[in-house]
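Welcome, and please load the model in your viewer. We will go from one selection to the next, with a short note on what to look for at each stop.

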Amino acid sequence: MKLLYSFCLLFIITINSEAQNHPATANYDLKKKRLLIQTCSTYLYNSNQGSIDADSSVVLTCKAYKLPVALAYDEGFNDGSYLIGNDLIEKGNVHAAKQLFVKSKGVDKIKLALQLGIFYLFKPFAIPDDINNANLYISEAIKISNELKIKKWQHQSLMLLGKFYFQINNYPESKKCFSQVVEECRKQKDKTILADALLNQATYQYDLDPEKEKILKEVESLYADLGFEEKRIEAKMKLCTIYFWHGKINDAKKILYQNIADMRKIGFRQQQYGETTISYIEGVQFNMKSAFYYALKSVETMENTKDYTFADIFYMRLGLIYLNMGHTDEASKMAEKSIKYGQNVFNSGSWYKSFVTAAASLSMKGKNKEAIEYMNTVTSKFTPPNNFDKMLVNFAYANCYARIKNYGIAENYFEKTAEAADALDSPQTYRDVCNSYSSIALFYANRADYKKTQFYIDKINTLSKKYNKSFGTEAFYMSLYKLDSVNGNFKSALINHKIYKKFSDSLVDYAKNRQIEELRIKYETVNKEQKIKLLNQETDLQENALKKSKLLNTLSIWSLVLLLITIALLYNRYRLKQKNNAELELKEKEINQKNINLRHLLDEKEWLLKEIHHRVKNNLQTVISLLNSQSAYLENDMALSAIKNSQHRIHSMSLIHQKLYNSENISTINMPNYIKELVEYLKESFSLGQRIRFELKIDPLELDVAQAVPIGLILNESITNAIKYAFPDDRTGMIYVTLEAISENKYLLTIADNGVGFDVNISAKKINSFGLSLIKGLSDDLEASFSMENKNGTIFKIEFSKEFPINEKRR
């Protein structure tokens with residue numbers, strides 16, 4: 001539940017945080033920013049009474065005041081100057097910081113190891129991987145500092161190791177690390193490093209450790225000698241916490257008074273955290289006048305400094321004091337303010353207590369049913385985030401039902417209150433838990449169930465003995481009085497009744513106390529004066545606005561005249577423009593109609609071209625069929641070969657027309673598809689099987705039909721020659737066909753084989769002279785350069801230019 005509550009608080013604060021600096025820290029140097037983190041986080045940790053851990057309190061504070069979390073832990077090596085890797089870690093780019101760590105050397109590497117160790121060690125809700133990473137980088141820092149033999153970094157690394165052991169609950173090893181550093185610092189006789197080492201040692205000791213108080217007093221004395229006021233205030237604040245939770249209330253209160261005065265001297269503005277703590281302590285001691293004064297003072301300080309960061313805290317405390325004094329209307333107002341800031345600005349965990357205060361105010365006015373309905377509405381949307389708030393809510397329900405004499409439901413809620421209280425076992429929650437037990441005891445005493453009354457009285461006594469504290473309230477002593485009366489112990493009953501009357505009468509006196517009323521009236525008067533001041537300012541503004549208005553009226557009349565003239569001129573221009581626009585629209589319609597007609601003509605042209613290509617393809621296929629029929633009546637091999645060659649040539653042209661007919665683009669041929677189909681056709685025509693294989697490397701080119709036809713014929717002749725003459729006696733081999741762009745407007749067609757090649761001494765006439773002549777002639781048509789080489793086979797190269805630009809596809 002602690003983790004869930006902490007997560008909710010962190011989430012709300014993260015949502016509300018902004019990128020710029022917080023106005024509350026304006027003109028603060030690094031020392032005061034660190035003091036602010038310590039002051040606020042200490043208060044949040046104590047006021048939430050164990051609901052969140054110390055590290056989560058630090059994170060909440062830093063998020064709220066827009067300060068780096070590392071400021072709370074890196075004082076030993078961060079003086080505000082440039083720190084390598086610091087920006088990366090603050091921005092969440094830890095991976096880059098790790099990479100930088102690998103490349104860093106010397107002192108920079110130690111600093112970065114300490115930063116990474118702090119980052120992982122003090123993350124809220126630390127997981128095993130974070131702990132392991134923290135251990136890794138702390139070990140690296142110790143290793144490098146020992147290699148460099150620099151005392152400062154040896155001490156900083158060892159103290160971080162002590163913090164690591166404290167975090168993993170290895171208290172003996174933690175104490176050993178800090179003791180070693182302190183012992184070495186004493187030998188150096190340097191007050192500054194000794195004071196810092198002692199403060200770290202005290203901070204990471206349990207509050208119950210008897211040495212802690214002694215060490216903090218020495219720290220305070222050292223910082224006083226050094227003139228480090230911010231650090232002296234921090235040390236006294238930690239001492240105050242020890243006194244408070246050990247029952248030395250007056251000593252704690254004395255330190256708070258001194259700290260507020262010292263903060264005022266050094267210009268530290270957030271004194272409201274100390275003032276609201278004093279108010280709480282005075283309330284515990286039933287000094288209601290002082291409690292009320294400091295509750296008012298904390299709100300006044302907050303409003304004067306305009307630091308509403310955790311406003312829910314201060315309005316909650318003042319509302320609770322009003323409730324205890326019986327001023328239910330004022331209590332409700334303060335509770336509403338606390339809830340408003342807690343839900344909409346920053347949530348310190350206090351607004352839920354204010355919601356209970358608002359419900360209790362309704363109950364005290366006799367509006368118990370309204371209070372129950374109000375609590376039902378709130379708890380249906382916001383369930384109690386922790387056991388402490390569960391205890392408060394159930395206690396409020398129980399009191400409401402008891403007051404309307406629905407004792408069965410009241411008892412049920414009192415049992416739930418006790419169940420939540422039983423789960424709160426710490427010095428921080430001692431007093432509130434005992435308050436709940438004493439009210440439950442009185443409930444049963446009034447119902448004459450003395451067995452259960454004694455049961456809860458015993459619980460209070462057990463807790464008091466455990467924490468070595470004394471407890472007493474009006475409900476507690478009335479319960480004892482009734483128990484003693486039933487048991488016949490009349491002397492003790494009389495004593496307890498007198499104490500009860502003292503508490504009872506004092507509460508009545510507090511409600512009627514003239515000085516308290518004067519304080520309340522003074523606070524309300526100040527608020528009213530502020531409102532009057534604001535109203536006066538508004539009146540002055542209105543008078544100034546009236547004077548300006550008269551001047552503006554005069555100007556407006558003349559402006560209106562000019563405006564009417566301008567409008568008349570503009571209207572005239574508008575009419576002319578309308579006339580011109582009408583003429584332009586008419587012309588536009590004519591142009592659009594002509595464009596439509598041209599579009600129809602173009603579509604018809606494309607359709608006719610497609611039809612022509614289709615018919616040409618069909619005619620060429622008819623010629624191929626005629627030649628095929630003629631070859632059936634020929635016996636001469638030469639004639640048959642000539643007809644076969646002619647069929648292949650015609651097919652290469654027919655294939656182009658087929659492509660054009662089937663394609664949306666009727667002006668260009670996709671060469672990779674065309675060449676692939678042509679090669680497949682020749683392979684099938686000569687029944688090559690796997691004897692002769694082809695390797696094609698064709699760039700994604702589009703050629704005009706005027707270039708594609710001769711290229712197809714050249715390919716047909718070259719490949720046919722290679723199939724017939726390059727591989728005699730059924731040899732196996734390869735034929736390579738390449739078409740590539742060698743420059744922006746230059747293409748190269750290569751047909752090569754790894755066959756027997758040609759004999760240069762044999763005349764061209766004997767080597768299929770018609771085929772070579774056809775290739776040369778087609779090359780001339782393309783204005784291409786033709787070459788034939790004899791290199792491990794025959795190579796034909798035809799280099800030609802891009803004669804026609806590629807047209808875009810027509811629709």
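One definition will serve us throughout: a residue is buried under 20% relative accessible area, exposed over 50%, and partly exposed in between, using a 1.4 Å probe and protein chains only. Please keep in mind that this is a predicted model, in which local features need pLDDT of at least 70 and side-chain atom pairs count only at pLDDT 80 or more, while totals for chains, interfaces and linings use all residues. Residues are numbered from 1 along each chain as its sequence is written, and side-chain values use heavy atoms, with hydrogens and water left out.

**The whole chain**

Start with everything selected. The chain holds 30 helices and seven strands; helices (H or I, at least four residues) and strands (E, at least two) are DSSP runs, numbered from the N terminus. Of its 811 residues, 46% count as buried. About 43000 Å² is exposed, and carbon and sulfur atoms supply 53% of that area (Shrake-Rupley method, 1.4 Å probe; for residues, only the protein chains shown count as cover). Among contacts with a separation of 6 or more, 67% are between residues 24 or more positions apart, where contact means heavy atoms within 4.5 Å.

**Helix α23**

Next, select residues 450-467, which form helix α23. The expected span of a helix is 1.5 Å times one less than its number of residues. For the 18 residues of α23 this gives 26 Å, and the end C-alpha atoms are 26 Å apart, so the two agree. Which residues of α23 are buried? Colour T453, Y456, I457, I460, L463, S464 and Y467 to see them. They cover an arc of only 120 degrees around the axis, so they lie on the same side of α23; the arc is that of the directions from the helix axis to the C-beta atoms. On the other side of α23, K451, T462 and K465 are exposed.

Now show what the buried residues of α23 pack against: α21 (407-422), α22 (430-446) and α24 (474-486). Just after α23 comes N468, with a positive phi near 55 degrees. In the loop between α22 and α23, pick A448. A448 is not a glycine, yet its phi is positive, about 60 degrees. With a relative accessible area of 49%, A448 is partly exposed.

**Helix α11**

Move to residues 211-226, helix α11. Its 16 residues should span 22 Å, and its end C-alpha atoms are 23 Å apart, which agrees. The buried residues of α11 are K212, E213, I215, L216, V219, L222 and Y223. Their cover includes α10 (191-203) and α12 (229-245). G227 follows α11 and has a positive phi, near 80 degrees.

**K149**

Select K149 in the loop between α7 (128-148) and α8 (151-167). K149 is another residue with a positive phi, about 60 degrees, although it is not a glycine. Its relative accessible area is 69%, so K149 is exposed.

**M302**

Is M302, in helix α15 (residues 288-305), buried or exposed? At 0% relative accessibility, M302 counts as buried. Leaving aside neighbours within four places in sequence, M302 is in contact with Q272, D307, Y308, A311, F314 and Y315. Measure from M302 to Q270 as well: these residues are 32 apart in sequence and 7.6 Å apart in space, C-alpha to C-alpha.

**I557**

Finish with I557 in helix α26 (residues 514-631). At 57% relative accessibility, I557 counts as exposed.
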